[in-house]
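Biologist: I would like to learn how to read a fold from its contacts. Could we take it feature by feature?

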Amino acid sequence: VATALNISSSNLYSARVFPDIILVSKFPILDVGAVAGNGVFKIDIGTREMIIVNCHLACCENDDQREEEVADILNYIEEAKANNASVDITADSPIIILGDMNFVGNAEQPYDLIHGQNGGPDWGTKMEDAKPITTGETAAFTWYQPFSSFYPGRLDYLIYSGSVLKAKNKFNLFTTSIPDDILNLYNLERSDSEVASDHLPVIVDFDKDKISASSEIVIDSWLIYPNPAEGIIHIGDHVERIEIRDLSGRLLMSCDAPHSSIDISQLTSGNYLMSRITNGKSESRLFQKR
């Protein structure tokens with residue numbers, strides 16, 4: 001059962017697919033459907049329509065059920081492209097698959113969801129895995145229990161159609177490892193991540209005004225290393241301009257036509273965004289100054 005509700009008082013829209021799939025959006029929700037207990041939402045982002053597949057796959061040792069749900073999601077995308085699904089997809093529409101995937105068993109399940117079938121779930125190619133890094137860490141875990149016998153793990157994914165979407169800022173918010181000055185800046189408490197949920201918030205920014213056709217996308221392959229870094233950080237290749245900002249967006253450093261290395265020793269310890277500007281396009285990476 002899928003229902004949509006306009007929360008007009010706060011200019012938000014929400015929709016629910018029974019029992020526990022909920023989407024809250026600042027953009028209008030045009031259509032809602034269900035796929036194997038997971039939700040499909042079509043939203044109007046102003047420049048075009050977007051499809052969001054919001055998932056909560058079977059937990060723990062239910063490998064067979066998870067595998068079936070992944071197959072059902074892939075089949076839905078194929079059917080929707082052919083206008084044979086309850087919520088159809090217009091050609092070249094951005095597709096995002098996100099949620100608590102519970103990938104703790106068969107490693108083929110995330111691989112299949114990204115690579116799919118018949119040329120891939122994206123428009124003729126595989127999907128992209130955002131892989132946000134956890135703040136203050138060098139890993140990408142999204143589940144953490146300090147007294148559990150299980151190690152921190154990555155259960156929550158955001159997979160997107162890289163042919164028509166470009167991910168910009170991305171991170172998993174883990175207040176336990178954020179320096180005090182950053183916590184104070186954003187009015188956060190160190191325990192927020194632990195008391196709010198047993199899963200970390202996964203944040204990925206997309207520029208909705210620059211969503212474009214696949215021919216206009218340049219695949220981003222640049223690297224910054226080491227990460228975390230102390231004094232010198234390498235950017236991997238030549239670019240027109242580098243800008244470094246704090247997590248509030250305040251510009252701290254900039255350099256035109258930099259060499260492959262940048263001295264960041266003047267920065268205090270914490271998390272920052274480094275933006276590379278090439279051919280008028282800006283791409284960002286999260287990095288940590290020790």
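Biologist: Which residues does Leu113 touch, not counting residues up to four places away in sequence?

Modeller: This is a predicted model, so keep that in mind throughout. Leu113 touches Val70, Ile73, Leu74, Ile97, Met101, Phe103, Pro121, Met127 and Ile159.

Biologist: Which residues have the most contacts inside the largest nonpolar core?

Modeller: A nonpolar core is a set of buried nonpolar residues joined through side-chain atoms within 4.5 Å. Here the largest one has 24 residues. Ile73, Tyr76, Ile97, Met101 and Leu113 have the most contacts inside it.

Biologist: Which elements each supply at least two residues of this core?

Modeller: Strand 6 (49–56), helix 1, strand 7, helix 2 and strand 10 each do. Helix 1 gives the largest share, six residues. Apart from this core lies another, of 18 residues. Ile21, Ile52, Ile96 and Leu165 are among its members.

Biologist: Now helix 1. What span should its 19 residues have?

Modeller: Count 1.5 Å a residue, taking one less than the number of residues. For helix 1 that gives 27 Å. The end C-alpha atoms are 27 Å apart, which agrees.

Biologist: Which residues of helix 1 are buried?

Modeller: Start from the general idea. An α-helix has 3.6 residues a turn, so residues three or four places apart point the same way. In helix 1 the buried residues are Arg66, Glu69, Val70, Ile73, Leu74, Tyr76, Ile77 and Ala80. They cover an arc of only 150 degrees around the axis, which puts them on the same side of helix 1.

Biologist: What do those buried residues pack against?

Modeller: Their partners are strand 4 (29–35), strand 5 (38–44), strand 6, strand 7 and helix 2. On the other side of helix 1, Asp64 and Glu68 are exposed.

Biologist: Where is Asn75, and how far is it in space from Gln117, C-alpha to C-alpha?

Modeller: Asn75 sits in helix 1 (residues 63–81). Its C-alpha is 8.9 Å from that of Gln117, although the two are 42 residues apart in sequence. Asn75 counts as partly exposed because its relative accessibility is 37%, between the 20% and 50% cut-offs.

Biologist: What follows helix 1?

Modeller: Asn83 does. Its phi is positive, near 60 degrees.

Biologist: Next, aromatic rings. How many aromatic pairs are there?

Modeller: Read two values for each pair: the distance between centres and the angle between planes. The count comes to six pairs. Take Phe103 and Tyr157. Their ring centres are 5.2 Å apart and their planes at 80 degrees, so the pair is edge-to-face. Phe103 lies in the loop between strand 7 (95–100) and helix 2 (108–115), and Tyr157 in strand 10. The pair therefore ties together parts that are 54 residues apart in sequence.

Biologist: Is Phe103 buried or exposed?

Modeller: Phe103 is buried, with a relative accessible area of 11%. Tyr157 counts as buried too, at 11% relative accessibility.

Biologist: How are the rings of Phe141 and Phe174 placed?

Modeller: Their centres are 5.1 Å apart and their planes at 80 degrees, so this pair is edge-to-face. Phe141 lies in the loop between strand 9 and strand 10. Phe174 lies in the loop between strand 11 (167–172) and helix 3 (180–185). The pair ties together parts that are 33 residues apart in sequence. Both residues are buried. Ring pairs link Phe141, Tyr144 and Phe174 into a cluster.

Biologist: Which ring face does Arg154 lie over?

Modeller: For a charge over a ring, check the distance to the ring centre and the direction from the face. Arg154 lies over the face of Tyr157, at 3.9 Å from the ring centre. Lys81 lies over the face of Trp123, at 4.6 Å from the ring centre.

Biologist: Where is Leu155, and what does it touch?

Modeller: Leu155 is in the loop between strand 9 (133–134) and strand 10 (156–160). It is buried, at 11% relative accessible area. Its contacts include Gly99, Met101, Val104, Trp143 and His199. Leu155 and Phe103 are 5.9 Å apart, C-alpha to C-alpha, with their positions 52 residues apart in sequence.

Biologist: Last, the whole chain. How many helices and strands does it have?

Modeller: Four helices and 18 strands. Buried residues make up 42% of the 290 residues. Of the contacts with a separation of 6 or more, 58% join residues 24 or more positions apart.

Note on methods:
Residues are numbered from 1 along each chain as its sequence is written. This is a predicted model: local features need pLDDT of at least 70, side-chain atom pairs count only at pLDDT 80 or more; totals for chains, interfaces and linings use all residues. Side-chain values use heavy atoms; hydrogens and water are left out. Buried means under 20% relative accessible area, exposed over 50%, partly exposed in between (1.4 Å probe, protein chains only). Contact means heavy atoms within 4.5 Å. Rings of Phe, Tyr and Trp (its six-membered ring) pair if their centres lie within 6.5 Å; planes under 30 degrees apart count as stacked, over 60 as edge-to-face and the rest as tilted. A charge sits over a ring if NZ of Lys or CZ of Arg is within 6 Å of the ring centre and within 35 degrees of the ring normal. The arc is that of the directions from the helix axis to the C-beta atoms.
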